[in-house]
Amino acid sequence: MKTDELREKYLEFFASKGHRRVASDVLVPTWDPSVLFTPAGMNQFKDHFLGKVKLEFTRAASCQKCLRTGDIENVGRTAYHHTFFEMLGNFSFGDYFKREAINWAWEFLTDKKWLGIDPARLSATVYKDDDEAAGIWARDIGLAADRIERCGEDENFWPASAPSQGPDGVCGPCSEIYFHPDNGKSVEIWNLVFTQFNRVGLPPNNLRPLPSKNIDTGMGLERTAATLQGVPTNYHIDILLPIVLAAADVCGVNYELESETGRRCRRITDHVRACTFAVHENVYPGANKEKYVVKRLLRRAVLDGRQMGMRGPFLYKLVPAVVVAMKKPYPELAEPARRVAGVIEKEEENFFGTIDAGLNRIERVFDELRRDNRTRVEGAVAAELYQTFGVPPELFESLAAEHNLAFDWEGYAHAMEEHGEASGKVQHTVMGAKGPIDSLKHALHCTEFLGYETTEADALVKGIVTGKPPHDHLVDCMDETNRSEPIRIVLDRTPFYGESGGQVGDVGALVADGVNFEIVDTQKDGALTIHYGHLRQGELHEGMKVRAVVDRRRRAGIRRAHSATHILHHALQKRLGSHAQQQGSKVDDDWLRFDFTNLSPVDGSQLAAVSADVSKHIAASAPIKWQTLPLAEARQQGAMMLFGEKYPDPVRMVSMGDFSKELCGGTHLTNTGEVGAFEIVSEEGVSAGTRRIVALTGEKATEHRRQIQAQLAEAAQRLGVHPLEVPAAVESLIEKRRDLKRALEAGVQPSPAGPQRSPARTGGEATPEALKSALQEAARRLSVAPLGVVERIEAMLAEAAALGERLAQREAAGPLSADSLLEQAREHGGVTVVLAEVAGAEPNLMRQLIDQIRQKKPLSAVLLATRQGDDKVTLVAGVSKQLQQRGISAGKWIGPVAKAVGGGGGGRPDLAQAGGKEPAKLPEALQIAETAMADMLGA
């Protein structure tokens, strides 16, 4: 389906549902000071939702042109990100609500008259507490439970996380519809927002129902078109691919999907389309607000062209391709196309005039940073590049990121403020005077760190800072009556380690006669160590001598975890290869998290080998030493540097035996044996090409091992097998449950059980590692965490028992087939009517039986019912095609029947399903069904 056809079909469909077709609002809504560009379809209807205008209509549908820059770094790199895009939306202002929104969405997506998407390829998410929406998806639409996912407020609430985090005001749950292609990840194609609450204050009970409930939905036009057209990215749909190919042609390159050149062509396509629309609305490149966004987009696109060999303006040549692609919905683009191209060409000329000098200056900056072993681009330098060469700071930041360099946004804002300029992401930043910590830095320069040698030391209080920035200030003294407010203490010397290099800060206390200051965290600010905490007793004043005491037990746990991290790093490189470089870490009390480069998951055997290597090095009690030496010498000795860390020169190198050398400022043990126990808890992916291991050391590792063994022993007891046989027994339980479900659904006996496994252990020593592997394998097969295995087994055993009981009920009821049901049929006006209670039958089986009866009897109506426990009834009804042609609907037939058993439901004219809560009323309900059908037939 072509994109223009999709756009028109959407608007036509909702017009048929009584919606007013509303034209797209402008891209730059000057009437709305809260946004620079229109971010969503609902923006033009804000006053309608808030009841501030007289409503000429209560239903609307639109295709809105939008522009967002929040995900600009992903544009061209991912399949679906854009800055400029079109948003299809339907809206209700106090008119219809969830049922209509969901049913119409499903109809538009699946009905062959509209999009005709296979329903089996669609699933839905709902807010975790939105039983109403979940019920509509289940009952009205007929989605199975495993295709309705409940998500938290961060995913399925608008605004995101509003119930707990705010802001106050109109909000509500939402329901997202996903498409599942044959290959590749699922794609969200529609979001239905149900604005039904007014948030007032903090939870609980802070969501108050609105007197008028609204609907606000959004379907990305490009994303849905890509789904329907079966192309790999949004940029390959019929309206965008010609622009992509035109960009490649203008730049003299071949377009390849996966290449860097391909990504650049897609980014150019996005940015030139966005700028064509913006310039068309007289938003020209400039220094502030929306003008700066246009300037930034154009210069990003110019840089992409320059990196493909372009040395002069070229973007303006793509404006005609944009106009042609978008001419059907936006014919107004054609007339000013020459002006738009001229504006873009001029901005290109300006940037091409300085870009070479600017890029050369940037490369010199990067060389200086590398030479000085610095990791952050100073804001003042970025300001100079912008003012002298016109390089946007965001562009500079992107280039810096390619070199693993951070960017000083605060410094940039300060430098620009001094020149009276503000733009981009810092245009509203106001830089104040220097804070109290800056004053202490100027006076003290640094805090002497004693923590490598000791955990206690005498020190002098050099600064007391109260309040939170920017309202913090230095005070001379502090007494315990002010213990509730946050306090930061700076000492002249300290044994407390300030958080850095992945190692958390120390906790402990500052004590003196009658004084106790509890330290809850320690951070570093430059060369100063900042002690955060609360005065619990006495009075603290500047110049006071105190005893700084680190929590030794916690520090020992941190040292164990940090030394274990180095050992783990070595083991990973040994087993996986030298590419397994550290990408980040966190070290806490006997707990560590380690991120490393690896394209694929670490399989069980590799992980076991890594764990064994770590344990081997721990058992060897290899000496751990550290020394301070020149950075160049440390590199010559083969020391590894931590990811993203800034190192001084000279540096501190930590060595473990003869197998590990790393530059590290953290606290460590004196030999590897002091790590004690080591247990890997999990291995998982955190991003493409990056894996994460979480592990425990010391007593926490020992306790975890005990929990693992206890969990496995309990699982074995529940299953009646040896601990090492738990994975096989779990698989048998899964198969048993699957067979029972299939038997119930198909109305047949379950497949005969295979040969019984001997309860005796089949081999293998029950070592701690073997027991751990057995539990992990069982957890993998059950799709739960290792410590959740027993709970899941208990649930599956209970489910299998319930399935077995229902199957026994089915068997006790005697043979069940279409023919046996037809023997009970009645005739009404020449129509075969089958009404029956089928004990123990699953809905799927009932549907199959109905289909079989309809094939045998072209003029037939069937309603089957089954009890599920003491409080649930399931009804399924179907009518033949010839009856449907006479206006008889299964959905209408089943309604009063469901009501008779205390329930409700409906469905399509050919097949409908409903439920109820009063099984005792089934005989009466079946009588109502017969009467209702007789009335419908006029018999």
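1. Which residue does the side chain of Arg554 meet in a salt bridge? In this predicted model, the partner is Asp588, with 3.7 Å between N and O. The pair links distant parts of the chain, 34 residues apart: Arg554 belongs to helix 16 (residues 552-576), while Asp588 belongs to strand 23 (residues 582-588). Arg554 has a relative accessible area of 16%. Because buried means under 20%, Arg554 is classed as buried.

2. The contact between Arg554 and Asp588 is one example of a salt bridge, and the model as a whole comes to a count of 56 salt bridges. The points below take up a few further examples and one network.

3. Towards the start of the numbering, Glu8 and Arg21 form a salt bridge in which the closest N and O atoms are 2.9 Å apart. Glu8 lies in helix 1 (residues 3-16) and Arg21 in strand 1 (residues 20-22), so this salt bridge ties together parts separated by 13 residues in sequence. As for accessibility, Glu8 is partly exposed at 36%. Arg21 is likewise partly exposed, its relative accessible area being 42%.

4. A further salt bridge joins Arg691 to Glu683, and here the closest N and O atoms are 2.7 Å apart. Are these two residues buried or exposed? Both Arg691 and Glu683 are buried.

5. Some salt bridges in the model are connected to one another. A network of salt bridges links Arg77, Glu260, Arg263, Arg264, Arg267 and Asp304. One of its members, Arg264, merits separate attention.

6. Arg264 is located in helix 8, which spans residues 260-280. The relative accessible area of Arg264 is 13%; since the limit for buried is under 20%, this residue counts as buried.

7. Which residues does Arg264 touch, leaving aside those up to four places away in sequence? They are Asp304, Gln307 and Met308. Asp304 also appears in the salt-bridge network that includes Arg264. With Gln307, the side chain of Arg264 makes a polar contact to the side chain at 2.5 Å.

8. A backbone distance may be added for the same residue. The C-alpha atoms of Arg264 and Ala247 are separated by 9.2 Å, and the two residues are 17 residues apart along the chain.

Methods. Residues numbered from 1 in each chain as written. Predicted model: local features only at pLDDT ≥ 70, side-chain atom pairs only at ≥ 80, totals over all residues. Heavy atoms only, no water. Helix = DSSP H or I, 4+ residues; strand = E, 2+ residues; numbered from the N terminus. Buried < 20%, exposed > 50% of the residue type's maximum accessible area, 1.4 Å probe, protein only. Contact = heavy atoms within 4.5 Å. Polar contact = N/O pair within 3.5 Å; in protein donor to acceptor, adjacent residues only side chain to side chain. Salt bridge = Lys/Arg side-chain N within 4 Å of Asp/Glu carboxyl O.
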